[in-house]
Amino acid sequence: IMKRTSTFLACAAALVLAACTSESQLPEPTGKGGVRGINAIPGSPTVLFRIEERALGNLKYKNSSSPRLYDDFEYNFNFDIINPVDNEPQRIASVAQKVTKDFEYVFVVTGDLANPTVTTWETPQRQWDGSETVFEARFAHLAESLGNVDVYFYEESGPAPVQGEQVASLSFGDVMDITDFAEGNYRSLVTAAGDITTVYHDSIAGIFGAQTAHLISIFDGNANDTSPYILWSMSSNGVQQRLPDAAYAPTIRFVHGAATLPAVDIYNDEALTNRVRSNLGLGETSADIDTVREEVTWYFTPVDSTATVLFSQTIPSAPPSTPTDLYLTGTTDAWLGINLSQDRASQETLAQMSLYHSAIEAETLDMYIVERGESIADDAFPSLSLINYGVPSSTTGLQAGSYDVYVTELFTKTVVGGPYELDVALGDVVFLLAYDDELNPGSVIIEDVSVP
């Protein structure tokens, strides 16, 4: 069963139940139903999903909240974002829904922030008796850039599907009926409707155990994917699983932040025959470089010399379609690479900024962000605090504008780096790097190492 409800900000009025005002007026529930939310608005900030005013989950784009059970009453289900100007929640959509015993309701917000649509998918909940060897699965089409699609779902050890064996044909916003499959490892193939040769997404295998239910959705990819589309599965147990496209390699980007490390050439083989980047200097970054899913050791040598290896770093296996960064840090004869998967996704309502602390002599830092030309006020609080060496800071949101960035000693206004002039527009994702100033011991240099 599927029900569509379109809601707009202008009509997102709160419906207050009589049950909320007086305990004596509460009706007796007859059972519980399940609820969860999905954010399918590309470029959106985190969406706060609420039942009435109670938080159910913070939804980044492509994410689902964990299933939750609630009494079979009627509720308002609300979607909010945080306004970065005043840090207050702003309601973008609201829908009233009667929860029925032993049913699940998935609330999907799509469209754009100015005019969102909420679609409600209503399905019966399976009551497992413990003897089943099957699982439930259904696919949803949430990739707005795609037209109609066919979905094939097949065991990894079995034959590849052929035209006509699709489990569903879907338009944007549709979800297939629940279907049982034998437990096992399954791949998902999404193609153009009626044409299995036009492949949009061919996933790696996911593990699907018996007596579970899975909602598998295709989304448009973003900067956190190297593929144009991506599949995400959410199980009835609240386990979210990314199912990337096997055809798209993971990538790695190198960021040089070790002040005592000279410029380096980078190789991915012990024989030093395959140079992937030459002459990477302090404060510089490489482009994203295709790598492999298996464990890789990277070797760093002096520029144009293979006579010695300055240091090497082994990186664990990475899933397909995943971009990562390797920050070169440390001190003389103790250099190392820190592998990070950073959030590169743009948000249309704000600029995002974080800093990687690679200044080994500076220990823990605070960061202040002030309007261009202003100094740090005596009563100012840090924009980011407790930034420890060897780790990235949390992310802070900024409005479009011109700023000066300072880093200081922890819990003081003693400036050790900056001002660094930063100009940002809405949607920017800025990664800054702090490393030791070798010419001025105790001081820090700040560089912009954002992805181009």
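In what sense do S21 and S24 pair, and over how many bridges? In this predicted model, the two strands run antiparallel to each other, and 4 bridges hold the pairing. One of the facing pairs puts Asp265 of S21 opposite Thr301 in S24. Strand S21 covers residues 264–267, and S24 covers 296–302. S21 has a second partner as well: strand S22 (residues 275–280) joins it through 3 bridges, again in the antiparallel sense. Here Tyr267 has Arg275 of S22 as its bridge partner.

Some background on the whole chain helps to place these strands. The protein has 35 strands and 0 helices. Its C-alpha trace spans about 70 × 60 × 40 Å along the principal axes. There are 452 residues, and 48% of them count as buried. Of the contacts between residues at least 6 apart in sequence, 64% join residues at least 24 apart. About 19800 Å² of the protein is exposed, with carbon and sulfur atoms supplying 49% of that area. As for charge, there are 23 positive and 61 negative charges, and the mean positions of the two sets lie 8 Å apart.

Confidence comes out at a mean pLDDT of 93, with 94% of the residues at 70 or more. Residues 1–24 are another matter: pLDDT stays under 50 there, and the model gives this stretch 54 contacts beyond four places in sequence.

Back to S21, where both faces of the strand are covered. Val264 and Ile266 sit on one side, Asp265 and Tyr267 on the other, and all of them are buried. In a regular strand, side chains alternate between the two faces of the sheet. The loop between S21 and S22 holds Leu272, which has a positive phi of about 60° despite not being a glycine. Leu272 has a relative accessible area of 13%, so it counts as buried.

Val303 follows on from the same part of the fold, in the loop between S24 and strand S25 (311–315). With a relative accessible area of 32%, Val303 is partly exposed. Once neighbours within four places in sequence are set aside, Val303 is in contact with Ala263, Val264, Asp265 and Asn279. Two of these, Val264 and Asp265, are among the buried residues of S21. Asn279 is 24 residues away from Val303 along the sequence, yet their C-alpha atoms are 5.6 Å apart in space.

A separate group of 4 strands makes an open sheet in the order S23-S20-S26-S27, with mixed pairing. Its edges are strand S23 (289–290) and strand S27 (334–340), each of which pairs on one side only. Strand S20 (residues 251–256) pairs with strand S26 (residues 323–331) in the parallel sense, over 6 bridges. Asp325 of S26 is the bridge partner of Arg253. On the S23 side, 2 bridges tie S20 in, this time with the strands antiparallel, and Thr251 stands opposite Asp290.

How enclosed is S20 by the rest of the structure? Largely so, because 6 of its 6 residues are buried. Cover is found on both faces: Thr251, Arg253 and Val255 are buried on one side, while Ile252, Phe254 and His256 are buried on the other. Arg253, which bridges to Asp325, and Thr251, which faces Asp290, therefore belong to a strand that is buried in 6 of 6 residues.

Elsewhere, Gly238 falls in the loop between strand S18 (229–235) and strand S19 (240–243). At 25% relative accessibility, this glycine is partly exposed. Its contacts, leaving out neighbours within four places in sequence, are with Ser66 and Pro67. The C-alpha atoms of Gly238 and Asp288 are 33 Å apart, with 50 residues separating the two along the chain.

Two backbone details turn up further along the chain. The peptide bond from Gly418 to Pro419 is cis, with omega near 5°, and Pro419 is part of strand S33 (residues 415–424). In the loop between strand S32 (401–409) and S33 lies Phe411, another residue other than glycine with a positive phi, near 65°. Leu272 is buried, whereas Phe411 counts as exposed at 64% relative accessibility.

Technical notes:
Residues numbered from 1 in each chain as written. Predicted model: local features only at pLDDT ≥ 70, side-chain atom pairs only at ≥ 80, totals over all residues. Heavy atoms only, no water. Buried < 20%, exposed > 50% of the residue type's maximum accessible area, 1.4 Å probe, protein only. Contact = heavy atoms within 4.5 Å. Areas by Shrake-Rupley, 256 points an atom, 1.4 Å probe, with all protein chains shown as cover. Lys, Arg positive; Asp, Glu negative; His and termini not counted. Charge placed at Lys NZ, Arg CZ, Asp CG, Glu CD. pLDDT = per-residue confidence, 0-100. Pairing = 2+ DSSP bridges.
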